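Q: Please take a close look at one part of this structure and describe its surroundings. I am new to it, so give the cut-off for each term.

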Amino acid sequence: MPGTITVKGVGAVSAKVDFVELTIVIHGKNKEYNAAMEEAAGQTALLE
């Protein structure tokens, strides 16, 4: 079976990560649309 590692007894396995899934949610709340978008854009800029 490809992609399967079987260990019998005591041991350790390490492998380089080849896939990462990251989900980020940013909220901007304001009565004015433009102000809410600016707030969300500011939060997004902090992530970069």
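A: Lys-29 lies in the segment before α1. The model is predicted, so local features need pLDDT of at least 70 and side-chain atom pairs count only at pLDDT 80 or more, while totals for chains, interfaces and linings use all residues. Residues are numbered from 1 along each chain as its sequence is written, and side-chain values use heavy atoms, with hydrogens and water left out.

Lys-29 is exposed, with a relative accessible area of 78% (exposed is over 50%, buried under 20%, partly exposed in between, with a 1.4 Å probe and protein chains only). Apart from neighbours within four places in sequence, Lys-29 is in contact with Ala-36 and Glu-39 (contact means heavy atoms within 4.5 Å). Lys-29 and Glu-39 are ten residues apart in sequence, and their C-alpha atoms are 7.9 Å apart in space.

The protein has one helix and zero strands (helices, H or I of at least four residues, and strands, E of at least two, are DSSP runs numbered from the N terminus). Helix α1 covers residues 33–47 and includes Leu-47.

Ile-24 is also in the segment before α1. Ile-24 is partly exposed, at 48% relative accessible area. From C-alpha to C-alpha, Ile-24 and Leu-47 are 9.7 Å apart, with their positions 23 residues apart in sequence counted as a separation. Ile-24 and Leu-47 also belong to a nonpolar surface patch of about 550 Å², together with Val-17, Val-20 and Leu-22. Patches are made of residues with over 30% relative accessible area and no salt bridge; like charges are joined within 9 Å, nonpolar side chains (Val, Leu, Ile, Met, Phe, Trp, Tyr) within 5 Å. A salt bridge is a side-chain nitrogen of Lys or Arg within 4 Å of a carboxyl oxygen of Asp or Glu.

Buried residues make up 4% of the 48 residues in the protein.

Notes: Accessible areas come from the Shrake-Rupley method with a 1.4 Å probe; for residues, only the protein chains shown count as cover.
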